[in-house]
Amino acid sequence: MVPDDNTEEDNGAPSITTPISQLGYEDCRDELIEVVRQLEQGGLDLDTSLKLWERGEQLAKRCEEHLAGARQRVADALAAAEAEES
């Protein structure tokens, strides 16, 4: 069931209507796992399935953005440490 507002669910996790740009990596990953679970379970009408799939694609893209940012931070830290050693 999709909540109607932008509040957090009872378990403290952001609701499915939370803008993806406001989600951290772990929240995106967890919601993506839930989207995949619902799609694999089946039994949804086509429109609901498409909406879930679209949300899943957006969540996956946001996860990739978070990971790219983390990789860049690690690369920058390693380069700074290397520069200090020289």
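## Glu 34 and the overall fold

Glu 34 sits in helix α1. The model it belongs to is a predicted one. With a relative accessibility of 31%, Glu 34 counts as partly exposed, because the partly exposed class lies between 20% and 50%. Measuring from C-alpha to C-alpha, Glu 34 is 9.8 Å from Leu 52 in space, while 18 residues separate the two in sequence.

The protein has two helices and zero strands. Of its 86 residues, 19% are buried. The exposed surface of the protein comes to about 6600 Å², and carbon and sulfur atoms supply 52% of that area. Among contacts with a separation of 6 or more, 47% are between residues 24 or more positions apart.

## Helix α1

Helix α1 covers residues 25-41. Its 17 residues reach 24 Å from the first C-alpha to the last, which is close to the 24 Å expected at 1.5 Å a residue.

Which residues of α1 are buried? They are Cys 28, Glu 31, Leu 32 and Val 35. Viewed down the axis of α1, these buried residues fall within an arc of 105°, so they line one face of the helix. They pack against α2. On the face turned away from the buried side, α1 carries the exposed residues Ile 33, Glu 40 and Gln 41. After α1 comes Gly 42, which has a positive phi, near 75°.

## Helix α2

Helix α2 runs over residues 46-85. It has 40 residues and reaches 58 Å from its first C-alpha to its last, close to the 58 Å expected at 1.5 Å a residue. At the start of α2, a side-chain oxygen of Asp 45 comes to within 3.1 Å of the backbone nitrogen of Asp 47.

The buried residues of α2 are Ser 49, Leu 52, Arg 55, Gly 56, Leu 59 and Cys 63. Helix α1 is included in what covers them.

## The nonpolar core

How many residues make up the largest nonpolar core? There are eight in all: Ile 20, Leu 23, Cys 28, Leu 32, Val 35, Leu 52, Leu 59 and Cys 63. The elements that give two or more residues to this core are α1 and α2.

Several names in the core also appear in the lists of buried helix residues. Cys 28, Leu 32 and Val 35 are among the buried residues of α1, and Leu 52, Leu 59 and Cys 63 are among those of α2.

## A polar contact between buried residues

Is Arg 55 buried or exposed? Arg 55, which is placed in helix α2, has a relative accessibility of 13% and therefore counts as buried. The cut-off that applies here is 20%, since buried means under that value.

The side chain of Arg 55 is joined to the side chain of Glu 31 by a polar contact of 2.6 Å. Glu 31 is one of the buried residues of α1, and Arg 55 is one of the buried residues of α2.

Key
Residues numbered from 1 in each chain as written. Predicted model: local features only at pLDDT ≥ 70, side-chain atom pairs only at ≥ 80, totals over all residues. Heavy atoms only, no water. Helix = DSSP H or I, 4+ residues; strand = E, 2+ residues; numbered from the N terminus. Buried < 20%, exposed > 50% of the residue type's maximum accessible area, 1.4 Å probe, protein only. Contact = heavy atoms within 4.5 Å. Areas by Shrake-Rupley, 256 points an atom, 1.4 Å probe, with all protein chains shown as cover. Polar contact = N/O pair within 3.5 Å; in protein donor to acceptor, adjacent residues only side chain to side chain. Core = buried A, V, L, I, M, F, W, Y, C linked by side-chain atoms within 4.5 Å. Expected span 1.5 Å × (residues − 1). Arc of directions from axis to C-beta.
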